[in-house]
Every structure is written in structure tokens, then in C-alpha cells.
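Q: Could you take me on a close look at the part of this structure around its ligand, and show me how that part sits in the rest of the chain? I am new to this, so please go step by step.

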Amino acid sequence: MYGRPDPRAYFRRLAPLEYEIPHHAQPLFRRAAAERSALDDGRPRPPAVLDLCCSYGINAALLNHDVTLAEMYDRYTSPARRSMPTAELAARDKEFYAERRLPDAVPVLGLDVAAPAVRYAVEVGLLEAGFTDDLEQGPPGPALTRALAEVGLITLTGGGSYITARTFTALLDGAERPVWLSAFVLRTVSFQPVVRALAAHGLHTTVDTSRTYPQRRFTDERERQYAITAVRALGLDPAGREETGRFHTLHYESRPGAEGTPLPRSS
Ligand SMILES: C[S@@+](CC[C@H](N)C(=O)[O-])C[C@H]1O[C@@H](n2cnc3c(N)ncnc32)[C@H](O)[C@@H]1O
């Protein structure tokens, strides 16, 4: 799905599952990016946002452009574009996003192991630069190492099950500016090891466990049962959430020395 040269198959596959987490993330990522940009860290260039597990640049599109996730679903599942060559789709997307670019757009970098997806996002102008280093397997290469020096905010949707503390440690080891994190992570996954790695780099993480954000419908009853068991094992209550048929996420925010709701032990 992420190995295709453009995002049409991705959106076609996710439409029936009503994958919606980038929509919920959009206002919170916009707010985090604006607040991080407003922080004077003594550098002349605005801090870059690094979208981790960026795939086709969906979060970058929603952050910097006058566009909604619903419009992106319509665009990439429309019959009119079904047989369009990728090169034509890319050319049209480039124009589309350029026309909708917001005046306060921020530089966005993308990191994802799916090279064709990253390539597309860079080609159509959603990402300033894209990287395919797998930080679960090894250290960042020279290009990503240089880019990390500019990062001031890391965003994440849909990748919490793939990314461990290893990746976050590598990213923060390479940071030269204060880095904030805004991440939506499935309630089926413990984020505690990542929170500890962030704390080792001086980042304090907050989460409001009473507020959840739906990610997508379950594919089948087996997936529903798996999710219910997994959230219970982490001390969370699936009633009204996973029990009703969807994965739910929690929103984690990390900032250097920030104060706020302490992280509950169960999340
Ligand atoms: C469910 S998709 C989420 C894409 C996008 N953030 C969204 O919400 O639509 C998960 C992505 O994580 C990427 N991924 C998996 N393992 C990774 C790793 N070790 N490093 C970076 N990206 C990874 C996959 O290639 C895929 O594009």
C-alpha cells in the first residue's frame, strides 16, 4: 500500500475503514507548529516539523494547506483520477497544493521507510525534504543527520505501533534545537518506553486519557477482540470506545520542562 508510486491505493484501501486520525490531528498539529514557531530559540531559520511515518505527506498537506482529509479522500478515490498516469496526478497535485498553501506554512520534513511514498510527497511539494532511514535498524545517515539539526517539532499519526524508543532516541540524539512532540498513539500500544526515552532527553510528556481520538474501524471481529484485550491489559476501559468498533488513540505532547497533567501510570 505504501509501496505504490502515488497515494490512490492508500486512500482506496483506507476509505472503507474510515481512517480518520490525520483529520483529528490537523488542528492540534497546527497549534503545536504555531506555538513552536513562536518560540525564539536563537536560530535565524524557522524550526522544521518532522513528520515521522509520513507516508504520502498527508499530515504535511493538512498542516500547511487549506485542505481537509475528506477532500483528500475524494480527490484520490475519484473515478476521474482512477486511470490517470502517476506523472499527471503528481503534476496536478503540485498545482493543487501550491494554490492552497497557507501564508503561515512551516517547513515540513518527512521520515518513512516507504521510499515511493516519501518520493511522491517531495515531488508534489508537500515535504521540503524526505528521508527513508530506518532508525529502528541503525543510526541516521548524513543527510538526515544534517536535517535533524533544524527540527523543532516531531509529529506522528498511524505509526505508534511501528516506532519504538530506538527511533525517538536517534532523532533526539541528533537534535540541536528544542524539540517538541505531538503524537497520536493507539491505546492498544504502551507509549511508556518512548516517554522514558523522551524524559532521558529532558522532555516532559503529558496526555489527557479522558479524551480519545478514533483512528479507524476494525477490519473484523478478531481485530476488535484483539484491541479490547490489549487496552484492558494496559489498564484502560474499552467501553464506548474500542467496544463500539474502532481503534482509539491518545494524544501525547512532549516539551522540554513543560508542566501539565502528569502522565498516568496506566497509559
Ligand atoms: C499507517 S501508516 C501512517 C501514515 C500517515 N502518518 C497517516 O497517518 O496517514 C504507517 C507508516 O509507518 C511507516 N513505517 C513503518 N515502520 C517505520 C520505520 N521504522 N520508520 C519510519 N516509518 C515507518 C510505514 O511505511 C507507513 O507509511
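**A close look around the ligand**

A: Let's start with the whole chain, which has 10 helices and 8 strands. Its radius of gyration is 18 Å, close to the 18 Å that the globule rule gives for 267 residues, so the chain is as compact as a globular protein of that length. Please keep in mind that this is a predicted model. The C-alpha trace spans about 50 × 50 × 35 Å along its principal axes. Of the 267 residues, 40% count as buried. Among contacts with a separation of 6 or more, 80% are between residues 24 or more positions apart.

Now to the ligand. There are 20 residues around it, and those that come nearest are Cys 53, Ser 55, Ala 114, Gly 158 and Tyr 162. Sorted by class, this shell has 12 nonpolar, 5 polar and 3 charged residues. Two helices, H2 (21-38) and H3 (58-64), each supply at least two residues of the shell.

Let's pause at Ser 55, one of the residues nearest to the ligand. Ser 55 sits in the loop between strand E1 (48-52) and H3. Is Ser 55 buried or exposed? It counts as buried, because it has 24 C-beta neighbours inside 10 Å and 20 or more are needed for that label. Its backbone is worth a glance too. Most residues other than glycine have a negative phi. Ser 55, however, has a positive phi of about 40° although it is not a glycine.

Glu 18 makes a good partner for Ser 55 in this story. Glu 18 is in the loop between helix H1 (8-14) and H2, and H2 is one of the helices that supply the shell. The phi of Glu 18 is also positive, near 55°, in a residue other than glycine. With 14 C-beta neighbours inside 10 Å, though, Glu 18 counts as partly exposed. For a glycine with a positive phi, look at Gly 235, which follows H10 and has a phi near 80°.

From the ligand we can step into the nonpolar core. The largest core has 67 residues, and Ala 121 and Ile 154 touch the most other members. Strand E5 (residues 180-186) gives the largest share of this core, 6 residues. Leaving out residues up to four places away in sequence, Ala 121 touches Cys 54, Tyr 56, Gly 57, Ala 60, Gly 110, Leu 126, Leu 127 and Gly 130. You can link this back to the ligand: Ala 60 falls in H3 (58-64), one of the helices supplying the shell.

Two more buried residues round off the tour. Asp 6 lies in the segment before H1 and is buried, with 24 other C-beta atoms within 10 Å. Beyond four places in sequence, Asp 6 touches Thr 86, Leu 89, Ala 90 and Tyr 120. The other residue is Leu 203, found in strand E6 (residues 203-207). Leu 203 is buried as well, with 21 other C-beta atoms within 10 Å. Apart from neighbours within four places in sequence, Leu 203 is in contact with Leu 181, Leu 198, Ser 254, Arg 255 and Pro 256.

Definitions and conventions: Residues numbered from 1 in each chain as written. Predicted model: local features only at pLDDT ≥ 70, side-chain atom pairs only at ≥ 80, totals over all residues. Helix = DSSP H or I, 4+ residues; strand = E, 2+ residues; numbered from the N terminus. Rg over C-alpha atoms; globule rule 2.2 N^0.38 Å. Buried ≥ 20, exposed ≤ 12 C-beta atoms within 10 Å, placed from the backbone. Contact = placed C-beta atoms within 7 Å. Near = placed C-beta within 6 Å. Nonpolar A, V, L, I, M, F, W, Y, C, P; charged D, E, K, R; others polar. Core = buried A, V, L, I, M, F, W, Y, C linked by C-beta atoms within 7 Å.
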